[in-house]
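Here's a quick tour of the cysteines, the cores and the helix packing. Have the structure open and click along as you read.

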Amino acid sequence: MTEHTTRMLIVGSGPAGLTAAIYGARAGLQPIVVQGLQPGGQLTITTDVENYPGFRDVIQGPWLVQEMEAQAVHVGTRMLWDTIVEIDLTGPRFTAIGDSGDTYVGDTLVIATGAQAKWLGVPGEHELGGKGVSACATCDGFFYRGKKVVVIGGGNTAVEEALYLTNHSHDVTLIHRRDSLRAEKILQDRLFAHTGITVLWNKGIDHFVAHPEDGHLKGVKLIDTITGEHSLYETDGAFVAIGHAPATELFKGKLELDANGYIVVEPGTPKTAIPGVFACGDVMDHTYRQAVTAAGTGCMAALDAERYLAEREYLAEKAAFAEG
Ligand SMILES: Cc1cc2nc3c(=O)[nH]c(=O)nc-3n(C[C@H](O)[C@H](O)[C@H](O)COP(=O)(O)OP(=O)(O)OC[C@H]3O[C@@H](n4cnc5c(N)ncnc54)[C@H](O)[C@@H]3O)c2cc1C
């Protein structure tokens, strides 16, 4: 069992963690990134990315994070393949235990454990991911310009995704398994007032159906939750919008989490209530959830970590000087 020490311990290797690593390494903090079960994060399970600045052509999600990782390593980051299973935030240094049994000790801690979209878990959903089935309208809505799409869900996420998709599609259908929505009233009002959105009530998804010719989504097989009747609803794209689950199990009882489990930070900053502990990316942001915003807050976390260390060292030197 090895003990790894660093001035900046980063948990998570998606765009937030890797950007924090790039900034941390360039500030001389010799960061360690513990990668977790999904090295590279959520972008590794998508294909086309068309909205990350700097690329005129469509790029691939896995390629983008590989480039981020290569850059982080190039400037001095150590990438370690482990998953944190226990964490001690009592400080002044922060200790994490990996699944491997190794211990990681950081003068600062950057939490970048991200979030995962919740899926329905029905047949065809996984197989048709990137071929008509998505969990992110902001990311993939553009690919359905002028096409017919459905959104599955009944909460805020589903209504927001449906409204967003009207920017691209004139034919948006919201499918919900109950006869009323859970979304906030103001969102419901906007949804019902929109002429481009139809709601199908009391319909669950039995499975996703592929086109036999091209293997792309053909439609959704619905099951009426009252009569049990099955029917095929043809569509070009299906957006599963039943929420996201932030990866914050480790931090329960140690950091403040909001009602949905996201880490609470000081507004406009990545600072948690514990000095030296920062959170960035999707684990603290349930609103924007984009690679570029995750990278942005990763940058902020590293800059704040560097300032925190500099200030702590200055105060320690001053105290030592005063003591003579
Ligand atoms: C299908 C899909 C398509 C998308 N398309 C786009 C797009 O086109 N454009 C765009 O901007 N955004 C897109 N997104 C959103 C984007 O991927 C996320 O906003 C972004 O990846 C969030 O980055 P993050 O670093 O905060 O977290 P994540 O990418 O979720 O990474 C989290 C990291 O934390 C690690 N981790 C978790 N728990 C632990 C632990 N206990 N120990 C160690 N490590 C741990 C994981 O292994 C992972 O490396 C898409 C998302 C999905 C799911």
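Is Cys136 buried or exposed? Cys136 is buried, with a relative accessible area of 19%. Keep in mind that this is a predicted model. Cys136 is also half of a disulfide, so let's start with the cysteines.

**Cysteines**

- Cys136 and Cys139 are joined in a disulfide, with 2.1 Å between their sulfur atoms.
- Searching the whole structure turns up one disulfide.
- The Cys136 and Cys139 link is right-handed, with 65 degrees about the S-S bond.
- Its two ends fall into separate burial classes: Cys136 is buried at 19% relative accessible area, while Cys139 is partly exposed at 28%.
- Why is there no bond for Cys280? The closest cysteine sulfur to that of Cys280 is in Cys299, and at 9.9 Å it is too far for a bond.
- Looking from the other side, Cys299 finds its closest cysteine sulfur in Cys280, so the 9.9 Å gap rules out a bond here too.
- Cys280 counts as buried, at 1% relative accessibility, and Cys299 is buried as well, with a relative accessible area of 15%.

**Nonpolar cores**

- As background, nonpolar side chains tend to be buried together in soluble globular proteins.
- The largest nonpolar core has 30 residues, and Met8, Ile10, Tyr52 and Val110 are the ones that touch the most other members.
- Two or more residues of this core come from each of β1 (3-11), α1 (15-26), α2 (61-74) and α6 (291-323).
- Which element gives the most to this core? That's α6, with eight residues.
- Another core lies apart from it, made of 23 residues, including Val11, Leu89, Leu109 and Leu255.
- Back at Met8, and setting aside its neighbours within four places in sequence, the contacts are Ala20, Gly24, Leu29, Pro31, Ile32, Thr108, Val110, Ala302 and Ala305.

**α1 against α6**

- The axes of α1 and α6 are 7 Å apart, and the two helices pack at an angle of about 40 degrees.
- This crossing of α1 and α6 is right-handed.
- On the α1 side, the contact uses Pro15, Ala16, Thr19, Ala20, Tyr23 and Gly24.
- On the α6 side, the contact uses Ala291, Ala294, Ala295, Gly298, Cys299, Ala302 and Leu303, so you meet Cys299 again, one of the buried cysteines.
- Sorted by class, the α1 and α6 contact has ten nonpolar residues, three polar ones and no charged ones.

**α4 against α5**

- Helix α4 (residues 156-165) and helix α5 (residues 185-193) have axes that come within 10 Å and cross at roughly 35 degrees.
- Which hand does the crossing of α4 and α5 have? The crossing is left-handed.
- From α4, the contact takes in Asn156, Val159, Glu160, Ala162 and Leu163.
- From α5, the partners are Leu187, Gln188, Arg190 and Leu191.
- The class split for α4 with α5 is five nonpolar, two polar and two charged residues.

**After α6**

- Gly324 sits in the segment that follows α6.
- Is Gly324 buried or exposed? Gly324 is exposed, with a relative accessible area of 95%.
- Gly324 and Thr248 are 76 residues apart along the chain, and 45 Å separates their C-alpha atoms.

How values were computed. Residues numbered from 1 in each chain as written. Predicted model: local features only at pLDDT ≥ 70, side-chain atom pairs only at ≥ 80, totals over all residues. Heavy atoms only, no water. Axes fitted to C-alpha atoms, helices over the stretch in contact; angles between N-to-C directions. Helix = DSSP H or I, 4+ residues; strand = E, 2+ residues; numbered from the N terminus. Left-handed = near helix turned anticlockwise from the far one by under 90°. Contact = heavy atoms within 4.5 Å. Nonpolar A, V, L, I, M, F, W, Y, C, P; charged D, E, K, R; others polar. Disulfide = S-S within 2.5 Å. Buried < 20%, exposed > 50% of the residue type's maximum accessible area, 1.4 Å probe, protein only. Core = buried A, V, L, I, M, F, W, Y, C linked by side-chain atoms within 4.5 Å.
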